[in-house]
Amino acid sequence: CHVLSLRPVGFPEPHWPEGVDGRTVAVSPIDATVGLLTHPGLPWQVALHAVPRFRRAVRETVRTVSPDVAVVVLSRLGWALPALGDVPVMLDLIDALALNMRNRARRQRALAPPLGLEAARMARWDSRLLARVTHATVVSARDRDELLRDAPTLGGKVSVLPFGIAVAPAPAMAG
């Protein structure tokens with residue numbers, strides 16, 4: 001198993017479990033700022049993570065490992081998909097960032113305009129990613145429905161994998 005991930009500068013290298021060939025690419029605040037400035041057409045969530053060293057590392061990993069499949073976690077890394085070439089991609093979105101941004105815009109009125117813009121940009125971005133990947137997963141039907149709102153024909157590509165931990169109801173408070 002090969003894992004390639006971004007790591008904020010200053011965070012330690014992770015301890016990789018036995019059998020995992022792990023590698024990180026450090027990303028600094030300067031890298032994130034450069035990403036925002038050089039990728040104005042991308043959603044901010046994506047541009048912040050658009051680090052050229054990471055795309056080069058993806059290309060190198062594909063060249064040296066020849067993976068059967070790539071699992072990409074979060075649409076924020078979708079900008080690196082071209083570096084995977086024709087490797088099938090399973091995209092774990094976890095949730096719909098557009099829905100997250102829209103909900104935040106409703107709660108944070110002062111930030112509603114930029115959050116609303118980011119929500120619209122993320123919805124378009126995720127639709128493009130869904131068209132490109134082999135399959136995608138989210139943790140709830142609500143997120144799946146949100147992702148497919150603008151791309152209903154891609155429904156066969158998105159599965160719901162709910163969290164696997166049952167949470168017991170909270171005990172009643174004595175009053």
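This is a short tour of a four-stranded sheet, two helices on it and a cavity.

The model is predicted, so local features need pLDDT of at least 70 and side-chain atom pairs pLDDT 80 or more, while totals for chains, interfaces and linings use all residues. Residues are numbered from 1 along each chain as its sequence is written, and side-chain values use heavy atoms, without hydrogens or water.

**The sheet.** Select strands E3, E4, E5 and E6 (strands are DSSP runs of E, at least two residues; helices are runs of H or I, at least four; both numbered from the N terminus). They form an open sheet in the order E3-E4-E5-E6, with parallel pairing (two strands pair if DSSP finds at least two bridges between them). E3 (70-73) and E6 are the edge strands, each pairing on one side only. Next, show E5 and E6: three bridges join them, and Val138 stands opposite Val160 in E6.

**Helix H6.** Select residues 141-148. Asp143, Glu146, Leu147 and Leu148 are buried here (under 20% relative accessible area, 1.4 Å probe, protein chains only). These buried residues pack against E4 (89-94), H4 (97-107), H5 (112-132), E5 (135-138) and E6 (158-160) (contact means heavy atoms within 4.5 Å).

**The cavity.** Select Ala98, Ala123, Asp126, Ser127, Glu146, Leu147, Arg149 and Asp150, which line the largest cavity. On a 1 Å grid over the protein atoms alone, a cavity is a set of points where a 1.4 Å probe fits but cannot get out; lining residues have an atom within 4 Å of a point. The space is about 50 Å³, as filled by probe spheres set on grid points joined across faces, edges and corners. H5 gives the most to the lining, with three residues.

Technical notes: Buried < 20%, exposed > 50% of the residue type's maximum accessible area, 1.4 Å probe, protein only. Axes fitted to C-alpha atoms, helices over the stretch in contact; angles between N-to-C directions. 1 Å grid on protein atoms, 1.4 Å probe; cavity = no way out; pocket = protein on both sides within 12 Å on 5 of 7 lines; lining within 4 Å.
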